[in-house]
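Biologist: I'm new to this one and would like to zoom in on a single spot before I try to take in the rest. Could you walk me through it, starting from one residue and working outwards?

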Amino acid sequence: MADDAAAEVSVPERTSIPSGDDSVWADVSPLFESACKDLQDGELIHGDNFNLFAAMSALEIMDPKMDSGIVCKYYSIDEAIENGAAPVPISINKTVDVQCTIDIMDHLLACEATWHKGHSLAQTVFSCIYLLRPDRTSSHALLHSYCRVIRATCKAVISVVSDARTHEEDDLFTMAYGLPLDGDGDEKCLSLLNAVEETISRQLRACKAPSSRRRVLEEMEPLQTNLDLEEGYCKALLCRLRFRKHFYHVLTSMRRPQGRGLELARKHIATCISELDCIYRSSDFLRSSACGTSEDGIEDRTTASGCQPIGFDASLNCRLSAPTPPRAIKILSWKKAIEYFVKLLHDLDIICSYSLDPSLEGVLQFVVQFQKSQPDLVARAHLQLLLVQDGKLYGRESMFAVITRAAVLPEVAKNHDVQKNEYFVQLGQLVINTLKILCTNAAWQRRKLGKMLQDWRVIYVQLELAFRKEFGEVSSIPEDENVCVKIFQHILLWVEEQTYWIASRFLILGFELELYSPSEYCMVYWYIYVVLIKLSEKTHLKMAAKNDTGKRKGKKKRDSPKDVAREYRIPPAVLFLQCQICLAEGLTMMLAALRNEHMILQSRNPFNTEQERFFQHFELLQKACIPDHVSFHSFRESTTYARLSTLVMYNYFKDAQRIAKEAKSSFSNDPHKLAELRKIEQVAEHNSIALHVISRVGALDPTLKASFEFSHHPYFATAVVKRS
Amino acid sequence: MELEAEKTLIQAESSDGPNSNSSDLVARVRKLLFRQMLVGIRDGRFFLGTFHCMDKQGNIILQDAVEYHSTRRSSTSPMEQRCLGLILLPSSCRSSCHVGCYIEEQLSLLKL
């Protein structure tokens, strides 16, 4: 019956789309055409469930940005293959076959780097038709083994990133729906690769051997037919194969639990870097023996030879991604791809050389320092997985042990039963989350750190309440031998210190992300100043508690006040904070004074008041009461009466310089801290000079204005005085 | 009887405010809402979905649409399908438009 009706309707015969039981397709085009004429402008035919707003989200067919089904060249992957888009072998001519294989390898490297940088697998690595149909390449040992190891590598990298579970970069990275990542036998990829490498090594030896020996080796079939080029091509292939092999080893070694494979990984990393150097240097040979490439756009080429690779089509599997087509992306150039991998390997090497410091403070310093080089997602995911495994630090230190050590408690405390208390368990989880967040990218990190402040505050309150319930008021308990009391007291103090540290990171990251406009620097430095004061207070108390415990064990006699005063030195960590406090205070007052005396270059913001902007920036801190009793009004009070004349008399920058100098002697074996202190000194010096200049000359020359730039330090600005 | 049916339809529509002067043709199209509709477009693809909306220009919105596309350029190739959800088919790219209906209805639909 459908067939009878089909003859009447104008649906082409090839359509096998059923219209349902007992129904047929009726052509309604003429009806629609006439009905449309009767509609008013803007009138719609719709049902009761129609919602204009929802209808706006409809995908528009034939719009290239919304319709991923638009036919480009081929209707499907199979059609592309049938039309020779990915031939196996690539060419009957062995030389051309080798050239093209190398081009494919290079383009895959560029695609892989592009993927790592934040694009989808489908558009990058899996735009390779050879990878989409794994079985087709089995007759071509070189291509087959290479594809296998690429798939295995991608799978390993996806595993690391998805295990880190930070869900940044929109999960684009781990999306692999419908892509053949689980090739049959890919785990044996290395043995296949080794076999191919062995063959090519012998071919290399054969072509380099003197002619007398060549007769013996003649049973060895050469790689390709042009004897002059044999050595060059063998070498080019070998370094590429070896790079892949060692890179795969790096990934598997680094995944070994509790950091057991780090030393081995470093060896593989070193080999990878040297093979990448060989790969880079092979481009001269490959370009010269390639057929007819122009010099135009050579920098953008995705292969060493400059030729277009065979067998790639990004549009073929775009249907596999979401209904909407992915944004058009540009594959990184081959040169940039190599640079990316060199940087990635260097970042991984830093992770592998980490000493697995059991002190939490050491871990935090390491992560903050590591992040300064702006490592990419893959490196950061590896770091996170090294730090946090099975809910423990490095997979072996329980969080409670880590916390008791950080809170300067004696070793015996780490096994105390109180760790089973629900609040200590929660605290442990909070520390784990903090470590994970510190490994993410700056924007994500700042957002999460800000939200976390509330959690840290709440856990403090909960711990304090639990303590009071057990032992009464915190202050009324004398420092006695009861370990449980000690644990609570130390940890409470440590929790406060951590909270302020996170608050300071939150504020500082705002500079890195350029979230503050110059007219807001004054309030930001002021907030940094109040937070750092609290942080140094808590750090100092914590270290004093440590000294107390140490002293009581050693000395039996009462110390004379003189001895105590002489022996007591401000701990270096506190000194470090103090010079930053002076710098922050100095900048706050200088900015306030300049603003009060109208000498600052600043753009007017007509949209909201200073108070509104204060709340917008510090809302999360204010809500968590970090610190307590701090508000916009306290900020105004501190800065309304700032004047250049008073600042010159009491120069915070000079204090900063003095303290920084003093601190340097304590950090002589910490190059990062020394570098930081040197930068602080430079900022202090330049600002001190600027302050003097502007206060003396400013009154006489009204065109003199100050602007602030980050020329010596990433977040402490240097004043630049110039005529406007 | 048909006239009465049409009158009731028109009266029913008059409660929609600006649609009070909708013609018989528009009413008939309105009756097709929520039916299965098969729209063919110029590049050879077909979209099957529930008829959701149409405007004066003849642009159509289908709900829970499925795209049918052939895997080869030739006409006798198997079709693959994928789900798209809510889609808009501009009249400019539309090459055919069919509604699933019973054979008896077919004649009344075709007649203008």
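Which residues does Asp106(A) touch, not counting residues up to four places away in sequence? And once that's settled, please take me on through the surroundings.

Modeller: Happy to, and keep in mind that what you're looking at is a predicted model. Leaving aside residues up to four places away in sequence, Asp106(A) touches Arg240(A), Thr302(A), Thr303(A), Ala304(A) and Trp334(A). If you want to find Asp106(A) on screen, look in helix α5 of chain A. You'll have to look inside, because its relative accessible area is 2% and Asp106(A) therefore counts as buried.

While you're around α5 of chain A, glance at the loop between α4 (77–82) and α5 (94–116), which is where Pro89(A) is found. The peptide bond leading into it, from Val88(A) to Pro89(A), is cis, and its omega is near -5°.

Chain A has another cis bond for you to look at, from Ile626(A) to Pro627(A), with omega near -10°. Pro627(A) is in the loop between α23 (610–623) and α24 (632–639) of chain A. Cys625(A) lies in that loop between α23 and α24 too, and Cys625(A) is worth a click: its phi is near 55°, which is positive even though the residue isn't glycine. How open is that spot? Cys625(A) has a relative accessible area of 35%, so it comes out as partly exposed.

Tyr394(A) has a phi near 55° as well, again a positive value in a residue other than glycine. You'll find Tyr394(A) in the loop between β5 (392–393) and α16 (399–406) of chain A. Here the setting is a closed one: Tyr394(A) is at 1% relative accessibility, so it counts as buried.

Now let's step over to the other chain. How much do the two chains share? Chain B puts 59 residues in contact with 58 residues of chain A. Between them they bury about 5400 Å², and 64% of that is on carbon and sulfur atoms. On the chain B side, Lys56(B), Arg73(B) and His98(B) lose the most area to chain A, which together makes 13% of what that side buries.

As for charges meeting, there are 2 salt bridges across the interface of chain B and chain A. Here's a salt bridge you can pick out: the side chains of Arg72(B) and Glu82(A), at 2.4 Å from N to O. There are also 15 residue pairs in polar contact across the interface of chain B and chain A, with both partners at pLDDT 80 or more.

Which parts of chain B do the touching? The elements giving two or more residues to that side are α2 (24–31), β1 (36–41), β2 (46–55), β3 (60–70), β4 (79–89), β5 (94–102) and α3 (103–110). The largest share comes from β2(B), with 8 residues. Sorted by kind, the residues on the side of chain B that touches chain A are 34 nonpolar, 15 polar and 10 charged.

Since β2(B) gives that largest share, let's follow it strand by strand. All of it is tucked away: 10 of the 10 residues of β2(B) are buried, so the strand is largely enclosed by the rest of the structure. Within its own chain, β2(B) pairs with β1(B) in the antiparallel sense over 5 bridges, with Val39(B) and Phe47(B) as bridge partners. The hairpin of β1(B) and β2(B) has 4 residues between the strands, and Gly44(B) there takes a positive phi near 100°.

β2(B) also pairs antiparallel with β3(B), over 7 bridges, and Phe51(B) is matched with Leu62(B). That hairpin, too, has 4 residues between its strands, and Gly58(B) in the turn shows a positive phi of about 90°.

Finally, the pairing crosses between chains. Strand β2 (residues 44–46) of chain A runs antiparallel to β2(B) over 3 bridges, where Leu44(A) stands opposite Asp55(B). Likewise, 5 bridges join strand β1 (residues 23–27) of chain A to β5(B) in the antiparallel sense. To spot that pairing, find Val24(A) and its bridge partner Cys101(B).

Terms used
Residues numbered from 1 in each chain as written. Chains lettered and ligands numbered in written order. Predicted model: local features only at pLDDT ≥ 70, side-chain atom pairs only at ≥ 80, totals over all residues. Heavy atoms only, no water. Contact = heavy atoms within 4.5 Å. Buried area = accessible area lost by both parts, 1.4 Å probe. Salt bridge = Lys/Arg side-chain N within 4 Å of Asp/Glu carboxyl O. Polar contact = N/O pair within 3.5 Å; in protein donor to acceptor, adjacent residues only side chain to side chain. Nonpolar A, V, L, I, M, F, W, Y, C, P; charged D, E, K, R; others polar. Pairing = 2+ DSSP bridges. Buried < 20%, exposed > 50% of the residue type's maximum accessible area, 1.4 Å probe, protein only.
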